[in-house]
Amino acid sequence: MTSRNHLLFEQSQQYIPGGVNSPVRAFKSVGGEPVFFQRGEGAYFWDADGKSYIDYVGSWGPLILGHAHPEVVKAVQNAAQKGLTFGAPTEAELEIAQLICQLIPSIEQVRLVSSGTEAGMSVIRLARGFTGRSKIIKFEGCYHGHDDSLLVKAGSGALTFGNPSSAGVPAETAGHTIVLDYNDIAGIEAAFNQWGKEIAAVIVEPVAGNMNLIAPQADFLTKLRELCTQNGSVLIFDEVMTGFRVGLGCAQGLYQIKPDLTALGKVIGGGMPMAAFGGRRDIMQCLAPLGPVYQAGTLSGNPVAVAAGLATLKLIQAPGFYEKLSNRTQQLIDGIATKAKNHGIDFCAQSIGGMFGLYFSKNIPTSFAEVMQCDKSAFNRFFHAMLEEGIYFAPSAFEAGFVSSVHGDNELDKTLSAAEKIFGNW
Ligand SMILES: *Cc1c(COP(=O)(O)O)cnc(C)c1O
């Protein structure tokens, strides 16, 4: 059978490396061919062959209101009619900046950019410019976009500098990055003992979502805050994924930790290419045109993207929005876990707000090393069986999943029935 999906993938591979514009889309991790999508509405989207799926990826996080939310679409249409871009300030940028500062108290000033990668790259440069230091600490398995200094994996020893995790990143660049294990408090203490006053910044996903979901253990974030404060290093929360996903106050509100700088993306763009970074006024004022740290963008604060972001940020402030989203997400993962358990499968799951992790393992992992021990082939089998049933999870065992506000009882029932069928035949 020649499906249109198949045809499109064949042709795309001729013109686009790997047929995709971002590598995880290619299904390399789970095998098989990627699905091409044509249309989305609410909790569903439809592929090029007309098959529908319940979507638990939500474009990797942004679609907290589901696909094509009417109010977001209307805001985008209205903005587009007035002009697609000006390359000059607009009132809507002021409005969204005020709203971000109001919703996230650690952010006194904010700048808009077009992607999470730009936000990550900019906070690192800003932290280095502010402190006059070069070294940064990141954690194995956390992703902060594809800036050179962040595409770094652990070196050969515990306290050695990192190695590039991509070709094309100079060893000298990676050599300024120290890579530690997530949740490893002794590791952080040792690194600060050795380099304390040379460390410009610690960048962390306060809930890790790019190695499946790894939750911060008690004291991990508190210890980072403490050591950064003691050593004059900048604490950066990369909340590109967790921002307005785990709660209205983001992860920093949930865990009551105040970072110095925060990177945002995904939900704040409402599905359009918009991201942001912000934080302490004294640090943010090091940015050009006020200070010596250069950062810019032709389409930064793009009026159409800002309109989508504003519409989204207004809707998520509805009373009970996050309680409902969290409960729905918890119901989903509890339901799947119960079915797996009933059939004797090693499986567990957890959720925080509207994001979740599914693990083919006896225990919930707490680090990159542990998550790598999960049964990847079991996940791949589960993924393809679910896909067949019209349920779309992230095409990788090492990504978090997302629920939107329009995933209702109906979608929950369909998902759990599919899980029952799949685990029953396991
Ligand atoms: C998605 C993500 C990024 C990168 O954002 P892009 O918009 O894909 O460049 C950075 N940090 C985290 C935590 C992310 O989840």
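Visitor: What makes phenylalanine 379 and phenylalanine 383 neighbours along helix α13?

Guide: In this predicted model, both residues lie in helix α13, which covers residues 376–388, and they are four residues apart, which is about one turn of the helix.

Visitor: Why is the pair of phenylalanine 379 and phenylalanine 383 called stacked?

Guide: Two rings pair if their centres lie within 6.5 Å, and they count as stacked if their planes are under 30 degrees apart. The centres of phenylalanine 379 and phenylalanine 383 are 6.3 Å apart and their planes stand at 25°, so the pair is stacked. Phenylalanine 379 is buried, and phenylalanine 383 is buried as well.

Visitor: How many aromatic pairs does a search of the whole structure find?

Guide: The search finds 25 aromatic pairs, and one of them joins tyrosine 56 to phenylalanine 356.

Visitor: What makes the pair of tyrosine 56 and phenylalanine 356 edge-to-face?

Guide: Planes over 60 degrees apart count as edge-to-face; here the angle between the planes is 75°, with 6.2 Å from centre to centre, so the pair meets both conditions. Tyrosine 56 lies in the loop between β3 and α2, while phenylalanine 356 belongs to strand β14, so the pair ties together parts that are 300 residues apart in sequence. Both tyrosine 56 and phenylalanine 356 are buried, and both belong to one aromatic cluster, whose members also include Phe347, Phe382 and Trp426.

Visitor: How do you know that arginine 381 is close enough to tryptophan 426 to count as a charge over a ring?

Guide: The distance limit is 6 Å from the ring centre, and arginine 381 lies over the face of tryptophan 426 at 4.0 Å from that centre, so the distance condition is met. Arginine 39 offers another example, with its charged end over the ring of tryptophan 46, 4.0 Å from the centre.

Visitor: What makes the approach of aspartate 238 to the ligand a polar contact?

Guide: A polar contact is a pair of N or O atoms within 3.5 Å. A polar side-chain atom of aspartate 238 lies 2.7 Å from a nitrogen atom of the ligand, so this pair qualifies. By the same limit, asparagine 210 qualifies, because one of its polar side-chain atoms lies 3.1 Å from a ligand oxygen atom.

Visitor: How much of the ligand's accessible area does the protein cover?

Guide: The protein covers 82% of the 380 Å² that the ligand has on its own. The residues around the ligand include Ser115, Tyr143, Glu205 and Lys266, and by class this shell has three nonpolar, six polar and three charged residues.

Notes. Residues are numbered from 1 along each chain as its sequence is written. This is a predicted model: local features need pLDDT of at least 70, side-chain atom pairs count only at pLDDT 80 or more; totals for chains, interfaces and linings use all residues. Side-chain values use heavy atoms; hydrogens and water are left out. Rings of Phe, Tyr and Trp (its six-membered ring) pair if their centres lie within 6.5 Å; planes under 30 degrees apart count as stacked, over 60 as edge-to-face and the rest as tilted. Helices (H or I, at least four residues) and strands (E, at least two) are DSSP runs, numbered from the N terminus. Buried means under 20% relative accessible area, exposed over 50%, partly exposed in between (1.4 Å probe, protein chains only). A charge sits over a ring if NZ of Lys or CZ of Arg is within 6 Å of the ring centre and within 35 degrees of the ring normal. A residue is near a molecule or strand if one of its heavy atoms lies within 4 Å of it. A polar contact is a pair of N or O atoms within 3.5 Å; within protein, one must be able to donate a hydrogen and the other to accept it, and residues adjacent in sequence count only if both atoms are side-chain atoms. Accessible areas come from the Shrake-Rupley method with a 1.4 Å probe; for residues, only the protein chains shown count as cover. Ala, Val, Leu, Ile, Met, Phe, Trp, Tyr, Cys and Pro count as nonpolar, Asp, Glu, Lys and Arg as charged, and the others, Gly among them, as polar.
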